[in-house]
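Grab a viewer and work through the exercises below. Each one sets a task and then walks through a solution.

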Amino acid sequence: MTVQDVRSFNRFYTNVIGALDYGRRLYAPYTLTESRVLYELAHAPRTDAADLRTQLHLDAGYLTRILNKFEEDGLAERGPSDTDPRRRRITLTAAGREAAALLDERARETVGAMLDTVRAEDRPRLAEAMRTVRTILGDSDSDSDGRAPRPEDVVLREPAPGDLGWIVQRNAALYAAEYGFDADYEALVARIVADYAEDHDPHLERTWIAELDGRPVGCVMCVRDDTPGAARLRLLLVEPDARGLRIGDRLVGALVDFAREAGYREVVLWTNDILGAARRIYQRHGFVLVAEKPHHSFGQDLTGQDWRLDLHATPE
């Protein structure tokens with residue numbers, strides 16, 4: 001392989017995905033780099049400017065100009081970092097999230113149209129070729145060994161077609177394998193997901209999918225509770241091979257931020273005491289245990305727990 005081979009492939013691929021075709025308004029009114037920054041901010045709601053610069057390998061001055069433009073246009077806000085007062089945290093406004101969602105929708109439509117031209121029997125081969133390129137070039141990246149995933153490799157996104165079905169399937173399979181839950185649990189998850197799919201208010205309810213290397217590895221849902229002013233957290237899940245990357249923390253953090261911005265007074269959830277890792281995540285985000293009761297469900301003797309987060313309380 002020569003340098004010319006790589007450059008030739010780059011020209012071919014940028015033409016295939018339309019990266020240079022602004023006539024189709026794929027990124028307009030933003031540049032490709034600005035669109036990428038919007039994407040990262042939309043999928044990592046607690047990003048510091050320094051981390052964003054490192055992650056995208058951007059010049060500090062260039063990134064500052066982009067963020068200044070976003071702030072002037074009402075797309076982003078800057079404030080002190082949660083972890084280091086010397087840093088600046090970047091968050092998208094409602095207008096920024098709307099712009100990012102529009103760009104994401106255009107990109108999905110473009111990639112979907114491209115995949116429509118690929119024969120079904122060729123798609124596994126194409127996917128494997130893409131994984132091979134990422135693995136080999138990742139090994140040569142000095143910032144990563146290309147093998148062990150890092151927290152910053154995970155993105156949070158809206159569910160795509162098929163993702164709601166994935167939530168049902170993975171919940172049923174994992175809880176059966178790890179806790180011996182029977183088909184009653186799958187039926188419960190299916191009803192929750194079906195209710196959300198059939199009738200949900202996007203301003204008050206939302207689902208997040210955690211994605212790593214192009215595959216879903218986690219999820220959580222925020223839905224309206226029967227109690228006025230309360231949101232309910234449902235179906236938090238992280239795949240076993242993706243645990244240890246703070247995915248659960250990020251999913252719950254995104255949900256709490258959304259619930260607060262949507263005007264909810266509190267977030268509630270129901271879980272079981274055997275789910276120790278999930279309970280520790282809830283505690284870290286300020287949830288408190290308000291009630292627990294033994295029950296027999298899903299083929300198991302369990303202790304159900306009700307947890308609550310007061311969104312108006314002052315953090316300790």
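## Exercise 1: a buried glutamate

The side chain of Glu266 makes a polar contact with the side chain of Arg308, at 2.2 Å; a polar contact is a pair of N or O atoms within 3.5 Å, where within protein one must be able to donate a hydrogen and the other to accept it, and residues adjacent in sequence count only if both atoms are side-chain atoms. Before going on, note that this is a predicted model, in which local features need pLDDT of at least 70, side-chain atom pairs count only at pLDDT 80 or more, and totals for chains, interfaces and linings use all residues. Residues are numbered from 1 along each chain as its sequence is written, and side-chain values use heavy atoms, with hydrogens and water left out.

Task: work out where Glu266 lies and what is in contact with it.

Step 1. Find the element: Glu266 belongs to strand 8, residues 266-272. Helices (H or I, at least four residues) and strands (E, at least two) are DSSP runs, numbered from the N terminus.

Step 2. Check exposure: Glu266 counts as buried because its relative accessible area is 7%. The cut-offs are under 20% for buried, over 50% for exposed, and partly exposed in between, with a 1.4 Å probe and protein chains only.

Step 3. List the contacts (heavy atoms within 4.5 Å). Skipping neighbours within four places in sequence, Glu266 is in contact with Thr227, Gly229, Ala230, Ala231, Arg308, Leu309 and Leu311.

## Exercise 2: the seven-strand sheet

Task: give the strand order of the seven-strand sheet and say which helices pack on it.

Step 1. Write the order: this open sheet runs 4-5-6-7-8-10-9, with mixed pairing. Two strands pair if DSSP finds at least two bridges between them.

Step 2. Mark the edges: strand 4 (155-157) and strand 9 (288-297) each pair on one side only. On average, neighbouring strands are turned by 25 degrees against each other, direction ignored.

Step 3. Look at each edge pairing. Strand 4 pairs with strand 5 (residues 206-212) in the antiparallel sense over three bridges, and Arg157 stands opposite Ile209 in strand 5.

Step 4. Add the helices. Helix 7 (residues 163-179) packs on the sheet, touching strands 4, 5, 6, 7 and 10, and its direction makes about 65 degrees with that of strand 7. Helix 9 (residues 247-261) also packs on the sheet, touching strands 4, 5, 6, 7, 8 and 10, at about 160 degrees to strand 7. For these angles, axes are lines fitted to C-alpha atoms, for helices over the stretch in contact, and angles run from 0 to 180 degrees between N-to-C directions.

Step 5. Go to the other edge: strand 9 and strand 10 are antiparallel over nine bridges, with Lys293 opposite Gly304 in strand 10. Their hairpin has two residues between the strands, and Phe298 takes a positive phi near 60 degrees there.

## Exercise 3: helix 9 and the core

How many residues of helix 9 are buried?

Step 1. Count them: twelve of the 15 are buried, so helix 9 is largely enclosed by the rest of the structure. Among them are Ile247, Leu251, Leu255 and Phe258.

Step 2. Check the length. The end C-alpha atoms are 21 Å apart, which agrees with the 21 Å that 15 residues should span; the expected span is 1.5 Å times one less than the number of residues.

Step 3. Place it in the core. A nonpolar core is a set of buried Ala, Val, Leu, Ile, Met, Phe, Trp, Tyr and Cys residues joined through side-chain atoms within 4.5 Å. The largest has 52 residues, and those with the most contacts inside it are Trp208, Leu233, Ile247, Val267 and Phe287. Helix 9 gives the largest share of this core, eight residues.

Step 4. Zoom in on Trp208: among the residues it touches are Leu251, Ala254, Leu255 and Phe258.

## Exercise 4: the second core

Task: trace Ala99 and its surroundings.

Step 1. A second, separate core of 19 residues includes Tyr30, Leu63, Leu92 and Ala99. Ala99 sits in helix 5 and counts as buried at 12% relative accessibility.

Step 2. Not counting residues up to four places away in sequence, Ala99 touches Tyr30, Leu38 and Leu75. Ala99 and Leu75 are 24 residues apart in sequence and 7.9 Å apart in space, C-alpha to C-alpha.

Step 3. Find the cover: helix 1 (3-17), helix 2 (32-43) and strand 3 (88-92) are included in what covers the buried residues of helix 5.
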